[in-house]
Amino acid sequence: MTTSKVASMRDAIAELVRDGDTVAIEGFTHCIGFAAGHEIIRQRRRDLVLARMTPDLVYDQMVAGGVARKLVFSWLGNPGVGGLNAIRRRIEPASVGEGTPLEVEEYSHFGMVARYTAGAAGLPFMPIRSYFETDLPAANPLIRPIASPYSDETVYAVPPLNPDVTIVHAQRADAAGNTQVWGLLGCQKEAAFAADRVIVVVEELVDEAVIRADPNRTVIPGLIVDSVVVEPFGAHPSYVQGAYDRDNRFYLDWDPISRDEDALQAWLRDWVYDLPDRTAYVEKLGAERVGSLRPGPAPSGSVDYG
């Protein structure tokens with residue numbers, strides 16, 4: 001009999017995310033784990049190293065919530081809108097003032113993918129070509145030139161990235177943690193395999209028979225998953241293909257909120273600290289706004305594997 005790994009978000013974060021951990025919340029514009037990020041803020045974790053290919057609003061909120069001491073990242077910004085102002089206040093000397101600066105470790109997108117891949121494969125580094133004629137190696141001494149053992153060619157190497165915890169949002173999983181994601185993917189699989197502990201957050205818990213009937217959608221196997229959290233609408237304001245659209249209004253609204261520290265802290269009080277869980281967050285959004293993000297029918301057919 002398969003042991004259930006289903007847990008509440010509160011319990012999963014309390015058990016698996018510890019002060020000082022390196023935490024990766026992955027998902028490339030799609031399926032971003034905002035609910036998990038909010039619970040980490042709510043539980044007041046501290047001194048985390050936050051790793052992510054694109055640290056958009058979720059990490060801006062977490063940095064504003066005081067959980068982070070360091071950011072490991074590639075592109076950084078509010079997609080389609082502008083910058084991440086809570087993070088900017090921590091990394092730009094003129095803005096930091098008396099506060100503690102946020103450490104930063106910057107790579108390209110592919111550099112981050114290569115780091116997760118090396119971590120997942122148990123390799124000591126990953127060679128890549130893409131840092132020639134850039135200034136990233138000067139900005140980040142962990143990006144190092146190496147000589148090929150097979151020719152006179154020189155390439156660059158990046159170190160493996162092995163998060164203590166990787167958190168991935170997905171459409172569905174079974175109770176054993178076999179997790180299915182479809183639509184736009186980032187490096188969720190690599191980040192999960194590279195991690196010591198894995199939390200999957202899903203829109204829907206399904207029977208094992210559903211997973212077995214469509215095996216090509218299974219991106220993360222249950223054998224590496226520690227907890228399964230069922231959290232509908234848990235990726236808002238990002239989107240989950242087939243469940244809800246991206247809330248573009250939220251991204252636009254975040255810019256003026258995040259530019260003002262008092263307004264940002266008020267937002268955290270209203271939408272994170274003063275709410276017990278994601279269910280209360282969805283209720284606060286309201287049925288009209290939630291309904292406006294629901295997709296119409298767009299069936300893609302079914303596959304019978306016999």
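A disulfide is a pair of cysteine sulfur atoms within 2.5 Å. In this predicted model, that cut-off settles the cysteine question quickly. The sulfur of C187 has its closest cysteine sulfur in C31, 13 Å away, so the pair is too far apart for a bond. Seen from the other side, the sulfur of C31 finds its closest cysteine sulfur in C187, again at 13 Å. The count under this rule is 0 disulfides. Both side chains are covered all the same. C31 has a relative accessible area of 0% and is therefore buried. C187 has 1% and is buried too.

Next comes helix α2. The helix spans residues 34-42, and 9 of its 9 residues are buried. Among them are nonpolar residues such as F34, I40 and I41, but also H38, E39 and R42. After the helix comes R44, which has a positive phi, near 55 degrees.

I40 of α2 leads into the interior. I40 is one of the residues with the most contacts inside the largest nonpolar core, together with L50, M62, I167 and I199. That core has 68 residues. Its main contributor is helix α3, residues 57-64, which gives 6 residues. A separate core of 20 residues lies apart from it, and includes M53, V72, M112 and V158.

L50 deserves a closer look. Sequence neighbours within four places set aside, L50 is in contact with Y59, M62 and V63. Its other partners are V23, V67, A68, K70, L71 and V72.

Now turn to I224. This residue sits in the loop that joins β11 (218-220) to β12 (227-230). Is I224 buried or exposed? Its relative accessibility is 18%, so it counts as buried; the cut-off for buried is under 20%. I224 touches A192, F193 and V198, with residues up to four places away in sequence not counted. G77 gives a sense of scale. I224 and G77 are separated by 147 residues in sequence, and their C-alpha atoms are 31 Å apart in space.

The last stop is the surface. V6, L205 and V230 make a nonpolar patch there, of about 190 Å². L205 belongs to strand β10, residues 197-205. Its relative accessibility is 37%, and therefore L205 counts as partly exposed. The class of partly exposed runs between the buried limit of 20% and the exposed limit of 50%.

Notes
Residues are numbered from 1 along each chain as its sequence is written. This is a predicted model: local features need pLDDT of at least 70, side-chain atom pairs count only at pLDDT 80 or more; totals for chains, interfaces and linings use all residues. Side-chain values use heavy atoms; hydrogens and water are left out. Buried means under 20% relative accessible area, exposed over 50%, partly exposed in between (1.4 Å probe, protein chains only). Helices (H or I, at least four residues) and strands (E, at least two) are DSSP runs, numbered from the N terminus. A nonpolar core is a set of buried Ala, Val, Leu, Ile, Met, Phe, Trp, Tyr and Cys residues joined through side-chain atoms within 4.5 Å. Contact means heavy atoms within 4.5 Å. Patches are made of residues with over 30% relative accessible area and no salt bridge: like charges are joined within 9 Å, nonpolar side chains (Val, Leu, Ile, Met, Phe, Trp, Tyr) within 5 Å. Accessible areas come from the Shrake-Rupley method with a 1.4 Å probe; for residues, only the protein chains shown count as cover. A salt bridge is a side-chain nitrogen of Lys or Arg within 4 Å of a carboxyl oxygen of Asp or Glu.
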